[in-house]
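Q: Please give me a close look at one part of this structure, residue by residue. Then step back and set that part beside the open and closed spaces and the smaller overall picture.

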Amino acid sequence: MTDKSLNTVMLDADRCKGCISCMKRCPTEAIRVRNGKAKVLYDRCIGCGECVRMCPHQAKLPAYDPFDSIFDYKYRIAVPAPSLIGQFNNLDNVDLVLNGLIELGFNDVFEVARGAELISEETRNIMREGKLKKPIISSACPAVLELIMMKYHSLASHVLDLVAPADVALRLAREEAEAKGIPPEDIGVFFISPCPAKVYALKTGMGLKKPAADGVLAVNEVYFKLLSVMPKIKEIKHISKTGILGVRWAASGGESLGIFQDRYLAADGIENVNNVLRAMEDGNLNYIDFVELNACTSGCVGGVLNVENPFVARVRIRALRHKLPPLDNHLDEVNKPREFYHWEVTPEAKDVYKLDSDFSVAIEKMRAIEQIYAELPHLDCGGCGAPSCRAFAEDVVNGETTLDMCTRREQ
Amino acid sequence: MSSLHLEFDVAGNNFVSAGSASDEVKKTLKMLGVDPVAVRKVAIAMYEGEINMVIHAGGGKASVDIDTDKVKIVLADEGPGIPDISLAMKDGYSTAPDAIRDLGFGAGMGLPNMKKYTDEMHIDSTVGVGTTVTMVVNLR
């Protein structure tokens, strides 16, 4: 269940040509080409889905549960990410999509946007209390959270210790159903995810003692099913209970709108995220109160499990402003203890780049890396199966490969 | 005793590449498994120093020695020199030109921050010859 290889991205080895497209674009250098196939070093994978996006041969398969797995449960609740709403053109009524989900076999729907509005309110409370180190970094994007735990250990104390909006929605959805008298074992709550990082986070219960989702579906798979049922819906039942504030979380900057303050920074796209985190490490962003970071361009609507172009989806999300109330979920109405919104388990820093646990050995290895690197052509051609000459030198010293794999070195 | 020596050229008047030396050092320290607090101290102090060389001295050289017990950073330039070091160390004192301030630099916090985040700091400066800043961050 917690295995990253089963819950992020898998390889269709027949389709993989061993080209270097995915390896060159992986932001954490988590891919190597070995024996002509792309191999993921899963302890470095943040689930961002960049490799899925870049593969010219569709050999990278994002992991998620098949739609029909919902029928393993008698009472099925769909918990859609707000990105799903951004996939549809000229959507006048959010309820049309939610009614479509009922048509597809769900008994009820609980929008993730509702969880988002609650998380926004708790964030505002935390910021008012002023106990957390500023700038506060959002914990909503699990790929960014993984990135910080792998590469930016000194910033871990800036991260908001709140669970994901989906985790709030999934647990509230289940409780609501149980309150109706439905036997717990009959209830299946299914998150509809825009990206592999959220599939992994929700399936493994990142920040929680046990996962809140019984399964995680992909936005694109659900979208195509919805297309065939939505036109047939005659009577639209009112299901939606969210404001635009929750739905805006689907696009970069949306979460920041919910803090009701001006000194925020919202960056999207993994390269930009890395730049912001580096600047924070250097102490350059101390005048900022809140930092929202999304691994995907444009935010969650840019997730690789969506169908629509993220920029188009973003416009659609924004346009819903006229159709929805500003805000429709409040902490006092839900009436849960504050712990409900906070991490039960703090995600741990991971030493995936550390050369050795013995400092002297690590220094020796680093010296060896510098020496090997100096001999390499610095072309970063990828022919050796490593994403850069630097990474290759590291791999050689770590015994993962041999120097003769570089064929462009001057002998 | 194991130690590692790194050297970098810091290009003058190039804000695009400014910070690249400290970034390399940061990456190296992380791979060595140095405590995150110490990494952050080195990052902040070295970044400030690097930017100073870019703004005031037309670049210079950075050399870093990493030992089991400390990181020593030496930033040497052949810039105009600092006439009054104690004045330069005051919070908010800056001689950065307006064009640099418009870029968001030159708030006069560079040297004070470098001192704040390091365990030792010495400045050797001769007007018309150059400045050498030596900083040490202890590793526990």
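**A strand and its surroundings**

A: In β9(A), A:F191 has A:V216 as its bridge partner. This is a predicted model. A:F191 belongs to the set of β8(A) residues that also holds A:I187, A:V189 and A:S193, which point one way from the strand. The pairing of β8(A) with β9(A), residues 215-218 of chain A, is parallel and uses four bridges. From β8(A) the chain passes through helix α8(A), residues 196-204, before reaching β9(A). This β-α-β crossover is right-handed.

β8(A) also pairs with β5(A), residues 75-80 of chain A. Here six bridges join the strands, and they too run parallel. A:F191 takes part here as well: in β8(A), A:F191 is the bridge partner of A:V79. So A:F191 has A:V79 of β5(A) as one partner and A:V216 of β9(A) as another.

Now the side chains of β8(A). The strand covers residues 187-193 of chain A, and seven of its seven residues are buried. In a regular strand, side chains alternate between the two faces of the sheet. In β8(A), A:I187, A:V189, A:F191 and A:S193 point one way. A:G188, A:F190 and A:I192 point the other way. Both sets are buried, meaning under 20% relative accessible area.

Next, the closed spaces. The whole structure holds eight cavities of 30 Å³ or more. The largest cavity has a volume of about 190 Å³. It is lined by 19 residues, and A:A140, A:P165, A:K198, A:W249 and A:C300 are the closest to its centre. Three elements of chain A give two or more residues to this lining: α5 (112-129), α7 (165-179) and β11 (290-294). By class, the lining of the largest cavity has 14 nonpolar, two polar and three charged residues.

The open spaces come next. The largest pocket holds about 1,300 Å³. Among its 45 lining residues, A:P27, A:K151, A:N274, A:R278 and B:K27 are the closest to the centre. Elements of chain A that give two or more residues to the lining are α2 (21-25), α3 (50-54), α6 (142-151), α12 (270-281) and α16 (389-397). From chain B, α1 (20-31) and α2 (36-56) do so too. The lining of the largest pocket divides into 20 charged, 16 nonpolar and nine polar residues.

The second largest pocket has a volume of about 910 Å³. Its lining has 44 residues, with B:N52, B:H56, B:M109, B:G110 and B:L111 nearest the centre. Two or more residues each come from α2, β3 (70-77), α3 (85-88), α5 (110-116) and β5 (130-138) of chain B. α2(B) gives the most, with nine residues. The lining of the second largest pocket has 23 nonpolar, 16 polar and five charged residues.

Finally, chain B as a whole. It has five helices and five strands. Along the sequence they follow the pattern β-α-α-β-β-α-α-α-β-β. The radius of gyration of chain B is 14 Å, close to the 14 Å that the globule rule gives for 140 residues, so chain B is as compact as a globular protein of that length. Its C-alpha atoms fill a box of roughly 45 × 30 × 25 Å along the principal axes. Buried residues make up 50% of the 140 residues in chain B.

Terms used
Residues numbered from 1 in each chain as written. Chains lettered and ligands numbered in written order. Predicted model: local features only at pLDDT ≥ 70, side-chain atom pairs only at ≥ 80, totals over all residues. Heavy atoms only, no water. Buried < 20%, exposed > 50% of the residue type's maximum accessible area, 1.4 Å probe, protein only. Pairing = 2+ DSSP bridges. Right-handed = clockwise from strand over helix to strand, strands pointing away. 1 Å grid on protein atoms, 1.4 Å probe; cavity = no way out; pocket = protein on both sides within 12 Å on 5 of 7 lines; lining within 4 Å. Points joined across faces, edges and corners; volume = space filled by probe spheres on them. Nonpolar A, V, L, I, M, F, W, Y, C, P; charged D, E, K, R; others polar. Rg over C-alpha atoms; globule rule 2.2 N^0.38 Å.
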